[in-house]
Amino acid sequence: MKEYKFKINGKEYNVAVNGIEGKIADVNVNGVNYSVELENEVSPAVQAAPAAAPAAKEASAAPAAPKPAGAGKVIASPLPGVIISVDVKEGQSVARGQKVAVIEAMKMENEILAECDGTVTAIHVAKGDSVLEGANIVTIG
């Protein structure tokens with residue numbers, strides 16, 4: 001694991017690069033796990049030394065979680081904001097259009113809805129988490 005300290009707009013960030021697979025880096029920023037998409041795929045030789053992390057292009061503020069076998073449909077955040085509720089549990093059956101979470105953005109509450117019928121196989125956020133647009137909220141298998 002390679003560790004870095006960044007200061008962005010006066011705020012300090014402790015970043016640990018846990019590993020890189022292809023174009024996805026598993027990083028921990030101030031104690032929160034993220035999957036970061038790199039601009040270019042990293043060769044296996046460089047992956048062993050995760051110094052390639054500064055080439056990061058965007059982060060999907062979802063905590064890194066192991067994908068279940070036969071991973072399903074990932075429901076992502078349509079905009080940046082703060083998770084104010086997670087309305088499902090792992091193993092729960094959901095129907096298309098059912099509320100799975102609520103995100104607050106610009107002082108408005110936005111319901112995140114299931115895009116398909118299925119069973120919740122993973123929850124990637126918790127109440128109070130700040131997420132970016134495109135962040136994984138839940139996976140439905």
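Reader: I'm looking at valine 138; which residues does valine 138 touch?

Author: A contact here means heavy atoms within 4.5 Å. Leaving out residues up to four places away in sequence, valine 138 touches Lys73, Val74, Ile75, Val88, Val100, Ala122, Ile123 and His124. Before going on: this is a predicted model, where local features need pLDDT of at least 70, side-chain atom pairs count only at pLDDT 80 or more, and totals for chains, interfaces and linings use all residues. Residues are numbered from 1 along each chain as its sequence is written, and side-chain values use heavy atoms, with hydrogens and water left out.

Reader: What is the largest nonpolar core, and which residues have the most contacts inside it?

Author: In soluble globular proteins, nonpolar side chains tend to be buried together. A nonpolar core is a set of buried Ala, Val, Leu, Ile, Met, Phe, Trp, Tyr and Cys residues joined through side-chain atoms within 4.5 Å. Buried means under 20% relative accessible area, exposed is over 50%, and partly exposed is in between (1.4 Å probe, protein chains only). Here the largest core has 18 residues, and Val100, Ile112, Ile137 and Val138 have the most contacts inside it. Strand 9 and strand 13 each supply at least two residues of this core, and the largest share, four residues, comes from strand 9. There's also a second, separate core of ten residues, which includes Val27, Val29, Tyr34 and Leu38.

Reader: Is strand 13 mostly covered or uncovered?

Author: Strands are DSSP runs of E, at least two residues, and helices are runs of H or I, at least four, numbered from the N terminus. Strand 13 covers residues 136–140, and five of its five residues are buried.

Reader: And which strands pair with strand 13?

Author: Two strands pair if DSSP finds at least two bridges between them. Strand 6 (residues 73–76) pairs with strand 13 in the antiparallel sense over four bridges, and strand 11 (residues 118–123) does so over three bridges, also antiparallel. Look at valine 138 again: isoleucine 75 stands opposite valine 138, and so does isoleucine 123. Alanine 76, meanwhile, stands opposite asparagine 136.

Reader: What is the strand order in that sheet?

Author: It's an open sheet of four strands in the order 6-13-11-8, with antiparallel pairing. Strand 6 and strand 8 (93–94) stand at the edges with a single partner strand each, so one side of each has no neighbour in the sheet. Another open sheet of four strands runs 10-9-7-12, again with antiparallel pairing. Its edges are strand 10 (108–113) and strand 12 (130–131), each with a single partner, so each has one side without a neighbour in the sheet. Inside, strand 7 (residues 81–86) and strand 9 (residues 99–105) pair over four bridges, with serine 85 opposite valine 102.

Reader: Where does lysine 107 lie, and what is its phi?

Author: Most residues other than glycine have a negative phi. Lysine 107 has a positive phi of about 65°; this residue lies in the loop between strand 9 and strand 10 and is exposed, at 80% relative accessible area. Asparagine 30 also has a positive phi, near 50°. Its place is in the loop between strand 3 (24–29) and strand 4 (32–38), and asparagine 30 is partly exposed at 38%.

Reader: How many aromatic pairs does the structure hold?

Author: Rings of Phe, Tyr and Trp (its six-membered ring) pair if their centres lie within 6.5 Å; planes under 30 degrees apart count as stacked, over 60 as edge-to-face, and the rest as tilted. This structure holds one such pair: tyrosine 4 and phenylalanine 6 are stacked, 6.0 Å centre to centre with 25° between the planes. Tyrosine 4 counts as buried at 18%, whereas phenylalanine 6 is partly exposed at 35%.
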